[in-house]
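Q: Could we go through this model together? I would like to begin with its open spaces.

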Amino acid sequence: MTRRQLITGLISLACAFVIFVIPFIFVFINASKSAAETARLSFALPQEWRFWQNLVEVVQARDYQLLLAYFNSIVITVGAITLLVIFGAMVGYVLQRRKSGWNKVIYGFVLAGLMMPPAVVPTIWVLQGLGLFKTLHGMILIQVAYGLGFCILLFRAFVSTIPRDLDEAAIVDGAKPWQVFFRVILPLMKPVTVTVIVVQSITIFNDFTHPLYYLPGKENVTVQLTLYNFQSQFVSQLNLLFMNILLVTIPPLLVFIFFNRQIVAGMTAGGVKG
Amino acid sequence: MRKRSPYPYWFVLPAAVIFTVLFLVPTIASFWFSLTNWDLFDASFIGFENYQQFFSEPFLLRGVVNTLFFAVLTSGAKTVLGLLLAVLLTSGMFAQGLQRSIVFFPVLVSTIGVGLLFTELMHPTEGVINLALGAVGIPGPGWLTNPKLALFSVAMVDIWRGVGLATLIYIAGLASISPDYYEAARIDGATRLQQFWRVTVPLVRPATTTVIILSLIGGLRLFDLIWAMTRGGPGFASDVLASVVYKQYQAGFYGLSTAGNVILFLLIAVLVVPLAFRFYRKEVDQ
């Protein structure tokens with residue numbers, strides 16, 4: 001490293017710190033203050049650290065609403081991702097292996113699903129017709145419908161790296177199509193599956209808009225909606241709002257620390273291809 | 001009899017059913033419902049009245065104009081800043097990996113959390129931004145309370161939050177440029193600036209297309225950040241199509257809300273689809 005690279009690096013690090021890190025420090029400091037102190041919204045360190053008390057207060061607020069919200073968000077995320085991985089991989093596999101005129105049609109739908117915003121009120125109308133409005137399984141299916149495009153593109157790209165000889169060997173040995181897929185192909189797709197799981201879990205966990213429309217009701221609250229509720233409730237208790245922001249920021253931070261490589265792979269592949 | 005393919009189409013079926021029922025059917029139905037006066041039970045046909053209202057009521061039209069302004073501004077800024085940051089973050093400088101992570105992390109954080117945080121930072125009298133400006137003698141504006149500035153302030157936050165993704169895509173794009181080109185340019189006596197304009201910019205074009213497509217779509221569809229920061233206010237000054245759709249839905253004007261949704265489809269169809277299809281054709285044909 002040259003002297004020049006060291007100096008640019010230090011200057012740039014200082015800028016990055018001010019622009020991107022200080023806001024998060026602000027959240028942490030203010031989450032540790034008393035209500036009266038946060039009302040002044042300053043950077044001064046708390047006179048008395050109340051981190052733990054604030055944490056307990058946020059968790060207990062509105063009859064332990066946050067715990068319910070975490071439970072709902074986790075159920076939706078896990079349910080949707082299970083279906084997305086299996087169904088998305090099945091489509092990506094057939095799409096890559098079998099060339100036909102249908103492929104173009106399927107691609108058209110995949111791209112439309114990636115780009116077009118959902119028609120919200122008609123979707124509520126369909127969900128009501130099916131009895132799925134305001135239900136967790138309805139929400140899971142919605143997240144599957146909206147996430148499929150991304151998953152299909154990623155799985156399709158990965159299938160093209162698996163040699164066809166493997167399928168053919170399995171077929172010669174008498175395997176049925178579903179056996180070839182579930183016994184031979186799916187286990188080989190572990191790297192891309194991890195990427196899909198990581199990227200989609202963050203997307204679905206952070207989703208605010210769709211639960212707002214399709215999952216109204218106190219008992220259906222999700223993690224992002226607690227923030228929105230707390231905003232009006234805690235006008236004079238900004239410390240608790242900041243604590244809540246901190247609590248919803250921690251899961252993505254942990255995922256980021258442990259799965260940095262997969263996130264980068266997924267975001268750039270998803271970017272380059274969809 | 002035709003031999004049965006080892007790659008049967010029923011593999012596509014579960015995904016196709018979910019996608020058709022929950023995405024395609026509502027999308028197609030929206031064209032019909034946008035022409036009606038609708039309360040979820042009864043829809044009566046009223047022709048293009050909802051659309052007429054959209055383009056004659058100033059507060060609805062404002063939403064359309066704001067959506068375009070917001071999408072173009074944020075997309076342009078993310079493209080330019082993303083490329084510059086990517087060049088900087090591949091220059092081999094000190095703490096490069098750490099800085100990549102720092103720039104990227106906001107992409108993963110809850111948008112509502114980011115929005116509420118910046119609403120506090122941008123508070124006109126007590127917010128940290130204006131306190132800092134005041135300390136050096138500049139009177140800070142009412143970032144979110146001034147109707148002329150509100151949408152712009154939200155756009156700044158959106159750029160702060162999204163530039164990391166653009167940077168990441170550009171870093172991947174830069175990595176695919178062979179060092180031979182730079183070597184050849186140096187031998188020909190090109191300066192660093194010339195190398196940037198004549199080698200980097202043309203060869204990183206696929207990444208540029210991707211960044212523009214993604215950020216335009218994101219900008220046109222944006223809802224959560226606006227909702228967390230201004231709720232379209234003050235007045236209707238920072239309303240965008242997605243927030244108008246939500247407000248009209250809450251007010252019970254389902255036909256009008258759906259018309260807003262259709263206008264959003266059409267904007268994306270006109271602005272993004274041609275760009276995307278040209279770009280993805282290569283991918284589909286291989």
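Q: Which helices each supply at least two residues of the lining of the largest pocket?
A: In chain A it is helix H1 (3-31), and in chain B they are helix H3 (58-88), helix H7 (150-175), helix H8 (179-187) and helix H9 (192-203). Helices (H or I, at least four residues) and strands (E, at least two) are DSSP runs, numbered from the N terminus. This is a predicted model, in which local features need pLDDT of at least 70 and side-chain atom pairs count only at pLDDT 80 or more, while totals for chains, interfaces and linings use all residues. Residues are numbered from 1 along each chain as its sequence is written, chains are lettered from A and ligands numbered from 1 in the order in which they are written, and side-chain values use heavy atoms, with hydrogens and water left out.

Q: What volume does the largest pocket have?
A: The volume is about 810 Å³. A pocket is an open set of points on a 1 Å grid over the protein atoms alone, with protein on both sides within 12 Å along at least five of seven lines, whereas a cavity is a set where a 1.4 Å probe fits but cannot get out; lining residues have an atom within 4 Å of a point. Grid points are joined across faces, edges and corners, and a volume is the space filled by probe spheres set on the points.

Q: Which residues are closest to the centre of that pocket?
A: Of the 21 lining residues, these are Val87(B), Leu88(B), Thr90(B), Ser91(B) and Arg192(B). H9(B) provides the largest share of the lining, five residues.

Q: And how does that lining divide by class?
A: There are 11 nonpolar, six polar and four charged residues. Ala, Val, Leu, Ile, Met, Phe, Trp, Tyr, Cys and Pro count as nonpolar, Asp, Glu, Lys and Arg as charged, and the others, Gly among them, as polar.

Q: How many cavities of 30 Å³ or more are there?
A: The structure holds three. The second largest has a volume of about 50 Å³, and its lining includes Ser73(A), Met139(A), Phe205(A) and Asp207(A).

Q: Which helix gives the most to that second lining?
A: H3(A) does, with three residues. By class, five residues of this lining are nonpolar, four are polar and one is charged.

Q: Changing topic, how many residues of each chain are in contact?
A: With contact meaning heavy atoms within 4.5 Å, 89 residues of chain B touch 96 residues of chain A.

Q: How much area do they bury?
A: About 8500 Å², 76% of it on carbon and sulfur atoms. Buried area is the accessible area (1.4 Å probe) that two parts lose on being put together, summed over both. Helix H1 (residues 13-33) of chain B gives the most to the side of chain B that touches chain A, with 14 residues. That side has 66 nonpolar, 15 polar and eight charged residues.
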